[in-house]
Amino acid sequence: MELNERKQKVRSIMSYLEKPDAMLEVHFPVKKDDGSYEMIEGYRCIHKSHKMPAKGGIRYGLGVDRDEIFALATIMTYKCAAVGLPYGGSKGGICIDSKKYSVNELERITRRYTIELARKGFIGPELDVPAPDMATGEREMSWMADTYHKTFGYRDLNAIGCVTGKPINQGGIHGRTAATGRGIFNCLDQILNSEDFMKMVGLTVGWKGKTFIIQGFGNVGQHCMRYFCRMGAICVGVLEYDGSVVNPQGLNFDELQNYKLTKGTVNGFPGAQAYKGKNLLCEPCDILIPAAGEKLITKEVAPDIKAKILAEGANGPITPAADKILLQRNTLILPDLFANSGGVTVSYFEWLKNINHTSFGRLTFKYEQDSNYMLLKSVQDSLEKHFGQDGAKKIPIVPSEDFKKRIAGASEKDIVHSGLAYTMERSAKALMTTAKEFKLGTDFRTAAYVSSIEKIFHTVTEAGLTF
Ligand SMILES: NC(=O)C1=CN([C@@H]2O[C@H](COP(=O)(O)OP(=O)(O)OC[C@H]3O[C@@H](n4cnc5c(N)ncnc54)[C@H](OP(=O)(O)O)[C@@H]3O)[C@@H](O)[C@H]2O)C=CC1
Ligand SMILES: O=C(O)CCC(=O)C(=O)O
C-alpha cells in the first residue's frame with residue numbers, strides 16, 4: 001500500500017473510532033415505595049461493534065450522563081482490544097444515587113431499564129452484554145438476566161449470557177467479583193519484576209515491603225489490597241468518599257474489610273488513625289491505586305504525588321493535564337484500558353461458560369484426576385518391576401505438596417485464575433515490548449493505545465469499513 005493510501009486509511013479509521021456506533025438515552029417512570037412516581041434517566045452507548053457482542057458495565061451514580069457513558073464505552077473498545085477479547089466496547093448507566101432507594105425500588109428501576117435496553121437492541125448475548133460497574137454488582141446483574149430471559153430472551157437458549165457478573169447460581173463464574181483487583185495484581189506483578197522498568201522509576205524489583213495507598217475501598221480497591229498484602233506489600237492508607245485512614249505499619253486487610261462491611265465506612269477503624277493531612281494521594285508511597293471514580297487526580301494534585309507507580313483501577317481517574325505532569329515526573333502509569341481489564345476478561349470467561357452451557361472443567365475433571373493417580377501407580381509398578389516389591393518400597397512414590405493440590409484436576413476457579421493470569425501476563429509483556437520498541441519510556445498509556453489501535457485497525461481493514 002502506498003504511503004498516501006495508508007495515511008488516508010488511517011485517517012478514516014481514526015474518524016470511525018471517534019464517534020459512537022449507537023447511543024441510547026431513556027427516560028421512564030418508576031413507582032416509589034410511598035406510591036409517588038419519579039422519572040429515571042438511563043443511557044447505554046455502543047462505542048464500537050467491529051466485534052460482536054459489545055461489552056461493558058452498568059453503573060449507578062449521579063455523574064451518569066451522555067458524555068460520561070460515551071467516554072467509558074470508548075475505553076471499553078480499547079480495553080477489549082488491549083487484552084485480545086473478541087468484543088466491541090459499550091457502557092451504560094442510570095443517573096441515580098443508589099443509596100437513596102430501597103432494594104425494591106432499585107429492583108424496579110433495574111428491571112425497567114433492562115426492558116428499555118432490550119426493546120432497542122442494547123442487550124442480548126450476541127448484541128451487547130452488560131456487567132457490574134460502580135454501585136452495581138451480582139444482585140443487579142441477576143435482576144437484569146432474569147428480566148431479559150423471561151421476556152425478550154424466552155426462546156433464546158443463550159439468554160443467560162446477556163449479562164456477566166451474575167451470582168454463581170444464576171450462571172455466574174467463580175472469580176468474577178475479585179477479577180478486576182486480581183488482574184491489577186497480575187499486571188503489576190509483571191511490571192514490578194521487570195528490572196528495566198524498576199530501574200527507570202528508581203524502585204527495587206519485587207513486592208516485598210512496597211508501600212501503597214488506595215483511593216476507593218469498593219470492589220476494585222478491596223481486592224487489590226487483598227492480593228497486594230498477600231505478596232508482602234504494605235497498605236499505608238485508604239481514601240474513601242467520606243474520610244481517610246492511615247497506618248504507617250500497614251492496615252490489616254481482613255479487619256478493614258470487615259469493618260467497612262459492618263459499618264459502611266472506613267471512618268473510626270480501630271486499626272488505623274484518621275488522616276489529618278492535606279491530601280492522602282500526595283503522601284509518600286511506592287504505588288498509588290486510584291479505584292474510585294473519574295478525574296479525581298487533577299493537575300492541582302499531580303505535582304505533589306510521590307508514588308513512583310500509579311495503576312488505574314478506576315476508569316479515567318487521571319485528567320489529561322495531570323497525566324502530562326506525572327509523565328514529565330517519570331511516574332509509571334498503568335492505564336485503565338490495560339490495568340483494570342481483569343474484570344472484562346473474566347466476564348468473557350463467564351460468557352463462554354454461558355454459551356457453552358457447561359462449567360469449565362466439568363468434562364475433564366475426573367479424567368484428569370484418574371490420569372494423575374494412574375501416572376503415580378504406573379511409576380510405582382515400574383519401580384516394583386525393576387527393583388522388586390521390597391526394593392521399590394525404599395523409593396516410595398509420594399506426590400509433592402504442590403502436586404497434591406493439583407492432583408484432583410483443575411476446578412473452575414483454578415481455570416479462571418490461570419486464564420486471567422495468562423491474559424494479564426501476555427498483555428503486560430506485549431506492552432513492555434511496545435514501550436521499548438517505540439522508545440516511550442514510562443508512557444504505558446501511549447503503548448497501550450498503540451497496541452489496541454493496531455488490532456482494531458487490522459480487524460476493520462480486513463472486514464472492510466463500509467458495505
Ligand atoms: N467492578 C468492576 O469489575 C470494574 C470496575 N472498574 C472501575 O473501577 C472503579 C471503581 O469501581 P467499583 O470498585 O466497581 O465501584 P464500587 O462502587 O464498588 O466502589 C467505589 C468506591 O469508591 C468510593 N468513592 C467514590 N467516590 C470517591 C471519591 N471521590 N474519593 C474516594 N472514594 C470514592 C466509593 O465510596 P461510597 O460507597 O461511599 O460512594 C466506593 O467505596 C470505577 O471507575 C469502575 O469503572 C473497572 C473495571 C471493572
Ligand atoms: O466485565 C465487563 O464486561 C465490563 C467491566 C467494565 O465495565 C470495565 O472494565 O470498565
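The shell around ligand 2 divides into two nonpolar, seven polar and three charged residues, in a model that is predicted. The protein is divided into domain 1 (20-172), domain 2 (175-359 + 412-467) and domain 3 (362-409), and the shell around ligand 2 takes at least three residues from each of domain 1 and domain 2. The points below cover the two ligand shells, the strands E7, E8 and E9, the largest nonpolar core and two individual residues.

**Surroundings of ligand 2**

- The residues that surround ligand 2 are Lys55, Gly56, Gly57, Lys79, Ala131, Asp133, Thr164, Asn315, Asn340, Gly343, Val344 and Ser347.
- Helix H11, which spans residues 342-356, contributes three residues, the largest share of the shell around ligand 2.

**Surroundings of ligand 1**

- Ligand 1 has 24 residues around it, of which Gly216, Gly218, Ala292, Ala314 and Gly343 come nearest, and the elements that give two or more residues to this shell are helix H7 (219-230) and strand E8 (234-240).
- In chemical character, the shell around ligand 1 is made up of eleven nonpolar, ten polar and three charged residues.
- Domain 1 (20-172) and domain 2 (175-359 + 412-467) each supply at least three residues to the shell around ligand 1.
- Gly343 is among the residues that come nearest to ligand 1, and Gly343 is also listed among the residues that surround ligand 2.

**Strand E8 and its partners**

- Five of the seven residues of strand E8 are buried, and E8 is therefore largely enclosed by the rest of the structure.
- Strand E7 (residues 211-215) runs parallel to E8 and is joined to E8 by five bridges, with Thr211 having Ile234 as its bridge partner in E8.
- Taken together, E7, H7 and E8 make a β-α-β unit that is right-handed.
- Strand E9 (residues 243-246) runs antiparallel to E8, and four bridges join E8 and E9; here Leu239 stands opposite Ser244 in E9.
- A hairpin is formed by E8 and E9, with two residues between the two strands.

**Largest nonpolar core**

- The largest nonpolar core holds 115 residues, and Phe212, Ile214, Cys224 and Leu288 are the ones that touch the most other members.
- Helix H2 (residues 66-82) provides nine residues, the largest share of this core.
- Because domain 1 (20-172) and domain 2 (175-359 + 412-467) both give residues to this core, the core lies between them.

**Individual residues and distances**

- Phe152 is found in the loop between helix H4 (138-150) and helix H5 (176-192), and this residue counts as partly exposed, with 19 other C-beta atoms within 10 Å, where 20 or more would make a residue buried.
- Although Phe152 and Leu24 are 128 residues apart along the chain, their C-alpha atoms are separated by 18 Å.
- Leu337 belongs to helix H10 (residues 336-339), and Leu337 counts as buried because 28 C-beta neighbours lie inside 10 Å.
- The C-alpha atoms of Leu337 and Lys150 are separated by 34 Å, and these two residues are 187 residues apart along the chain.
- At the level of whole domains, the C-alpha centres of domain 1 and domain 3 lie 49 Å apart.

Conventions. Residues are numbered from 1 along each chain as its sequence is written. Chains are lettered from A and ligands numbered from 1 in the order in which they are written. This is a predicted model: local features need pLDDT of at least 70, side-chain atom pairs count only at pLDDT 80 or more; totals for chains, interfaces and linings use all residues. Domain bounds come from an automatic or database domain assignment. A residue is near a molecule or strand if its C-beta atom, placed from the backbone, lies within 6 Å of it. Ala, Val, Leu, Ile, Met, Phe, Trp, Tyr, Cys and Pro count as nonpolar, Asp, Glu, Lys and Arg as charged, and the others, Gly among them, as polar. A residue is buried if 20 or more other C-beta atoms lie within 10 Å of its own, exposed if 12 or fewer, and partly exposed in between; C-beta atoms are placed from the backbone. Two strands pair if DSSP finds at least two bridges between them. A crossover is right-handed if, with the strands pointing away from the viewer, the path from the first strand over the helix to the second runs clockwise. A nonpolar core is a set of buried Ala, Val, Leu, Ile, Met, Phe, Trp, Tyr and Cys residues joined through C-beta atoms within 7 Å.
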